[in-house]
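Please examine the model below with attention to its open space, its nonpolar interior and its aromatic rings. The paragraphs that follow take these topics in turn.

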Amino acid sequence: MNQVPSSLAGLLSLLAPCFTAPSFQTFSMLTVGFIARIRENTVCGMLQAAGLAGDWHHSRAHAFFAYRRWNPDELGLALLGFLVSVLLEADASIALAVDDTLFGRSGKHVYGAHYLHDGAQPEGSGKRTRLGNCFVNVVLVIALPCTGGKTIGLPVLFRLFRPKDDQHPDRPSPPELGRKLIDLVIKHFPGRQVELVMDGAYASRVWQGLPAHVNLTTRMRANAAIHELPAPRREGQHGRTPLKGKRMASLAEIAKAATFKPVSLTGRDGKTRTALVHEFTCLWYKPFRTRPLKVILIRNPNSTKTDGFDIAIATTNTDATPAQTIERYDGRWVIETVHQEAKNHGVGDARNRVPGAVKRTVPFGFLTMTITIAWYQLHGDPQADLKERRTHAPWYRQKTTVSYQDMLAALRRELIRAEFHAQAHPNSTYQQITQPQPPSATAAA
């Protein structure tokens, strides 16, 4: 059996209230197995990498995902609470990104598997529509000291998406699942400022009724129907107060007559660039009803066209500057990076089929990624890892920060170190070897 290093055991102990005592032991060892596994992260593969293949029956690991009493939501909220308390200032807002991704599966009896579009696959690969389990994910977007202030994503909450059909017309859509997950965060952190960011596909009416301390930033559709803010009610006016003003022109028509101003932006890589922007306030009535939005039309300064725009971003935070809004939406890309890293390091490799296992194995893998990053932030040595990486790959000069792969390698080395220390005899019976003295010293004595 592999040993759990004390540094990792201390972090896992914060999650012990989410399990029974036997399940927590299984969770701890499967976490070690998931981290240590260098091939496919199947359930039996985790058990083997944890050094338990000859000690535990494989049914114990399978039963942990399929039948044991633990809730990924409770586990994710506990981990999110720890991250917020340790890595964020008390008055800092919680930045979250929402998106979904597809994990390919095979077999006729896999619960929740459907043929769905997989945008992560390269165009022309023939795999953009395939059988799989689609999960809606919520990721904490945060700049960590161990990454040199570079923004990174930490997955915390998850839901399995199943498309509607004739037998199940009431299944929730991905935006509806995302709203349920965000409501869990809002309830867990009452009154805390929350900044949501999502792609344009998630901009729907399910986000109506968000509290005032929760702001949302999303890409705006080019054909969005927008309206002016309603005029204030006049004294003596009869009838109900109008909810919206008159219909505004399309975004393309607004861009033709707009004056674009240059804005300096700082990207996730720390580099500065310039964009041309035009901002205005309006109502996007269908998705957000009467909540005012600030719309930012963005044009590339190097573009040859002199009218139109490249992208439109809308935010409910009307006090934010254009640079803040664009940089916040730019931070949404970390969730795409999270999905790619997850698939590269074994999340979704498990080949289980029953409902409980399908719903919880992928979240377990995502949460193990978050645990790995949190451990590295608390106990890792980024400068030493960067120096070692540059020594072994001196041609890789553009590398200035550690990646998730570097964090995972550091934690694997810690697991190996703990295993060797556990195997060493506590008390050596051999005398210490001393340096032999020269003959002159012996004669002088």
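How do the residues of the lining of the largest pocket divide into nonpolar, polar and charged? In this predicted model, the lining comprises eight nonpolar, 13 polar and eight charged residues. The pocket itself has a volume of about 770 Å³. It is lined by 29 residues, and those closest to its centre are Lys150, Arg268, Thr401, Val402 and Ser403. Several secondary-structure elements take part: strand E4 (151-161) and the helices H10 (333-344), H11 (355-379) and H13 (404-423) each contribute at least two residues to the lining. Helix H10 gives the most, namely five residues.

The next topic is the interior. In soluble globular proteins, nonpolar side chains tend to be buried together. Here the largest nonpolar core contains 131 residues. Within this core, the residues with the most contacts are Phe27, Leu196, Trp207 and Leu297. Helix H11, one of the elements that supply the pocket lining, gives the most to the core, with 12 residues.

Leu196 illustrates how such a core residue is surrounded. When neighbours within four places in sequence are left aside, Leu196 is in contact with Leu96, Ile182, Trp207, Leu210, Val214, Asn215, Leu216 and Thr217. Trp207, which appears among these partners, is itself one of the core residues with the most contacts.

Phe27 leads to the aromatic rings. A pair of aromatic rings is described by the distance of the centres and the angle of the planes. Across the whole structure, a search finds 16 aromatic pairs. One of them joins Phe24 and Phe27 in a tilted arrangement, with 6.3 Å centre to centre and 35° between the planes. Because these two residues are three apart in helix H2 (residues 21-36), about one helical turn separates them.

Phe27 also pairs with Phe364, in this case edge-to-face, at 6.0 Å centre to centre and 80° between the planes. Why does this pair tie together parts that are far apart in sequence? Phe27 belongs to helix H2 and Phe364 to helix H11, so the pair links parts 337 residues apart in sequence. Both Phe27 and Phe364 are buried, and the relative accessible area of Phe27 is 2%.

These rings belong to a wider group. Phe19, Phe24, Phe27, Phe34, Phe64, Phe65, Trp70 and Phe364 form one aromatic cluster. Phe27 thus appears both among the core residues with the most contacts and in this aromatic cluster, while helix H11 gives the most to the core and carries Phe364.

How values were computed:
Residues are numbered from 1 along each chain as its sequence is written. This is a predicted model: local features need pLDDT of at least 70, side-chain atom pairs count only at pLDDT 80 or more; totals for chains, interfaces and linings use all residues. Side-chain values use heavy atoms; hydrogens and water are left out. On a 1 Å grid over the protein atoms alone, a cavity is a set of points where a 1.4 Å probe fits but cannot get out, and a pocket is an open set with protein on both sides within 12 Å along at least five of seven lines; lining residues have an atom within 4 Å of a point. Grid points are joined across faces, edges and corners, and a volume is the space filled by probe spheres set on the points. Helices (H or I, at least four residues) and strands (E, at least two) are DSSP runs, numbered from the N terminus. Ala, Val, Leu, Ile, Met, Phe, Trp, Tyr, Cys and Pro count as nonpolar, Asp, Glu, Lys and Arg as charged, and the others, Gly among them, as polar. A nonpolar core is a set of buried Ala, Val, Leu, Ile, Met, Phe, Trp, Tyr and Cys residues joined through side-chain atoms within 4.5 Å. Buried means under 20% relative accessible area, exposed over 50%, partly exposed in between (1.4 Å probe, protein chains only). Contact means heavy atoms within 4.5 Å. Rings of Phe, Tyr and Trp (its six-membered ring) pair if their centres lie within 6.5 Å; planes under 30 degrees apart count as stacked, over 60 as edge-to-face and the rest as tilted.
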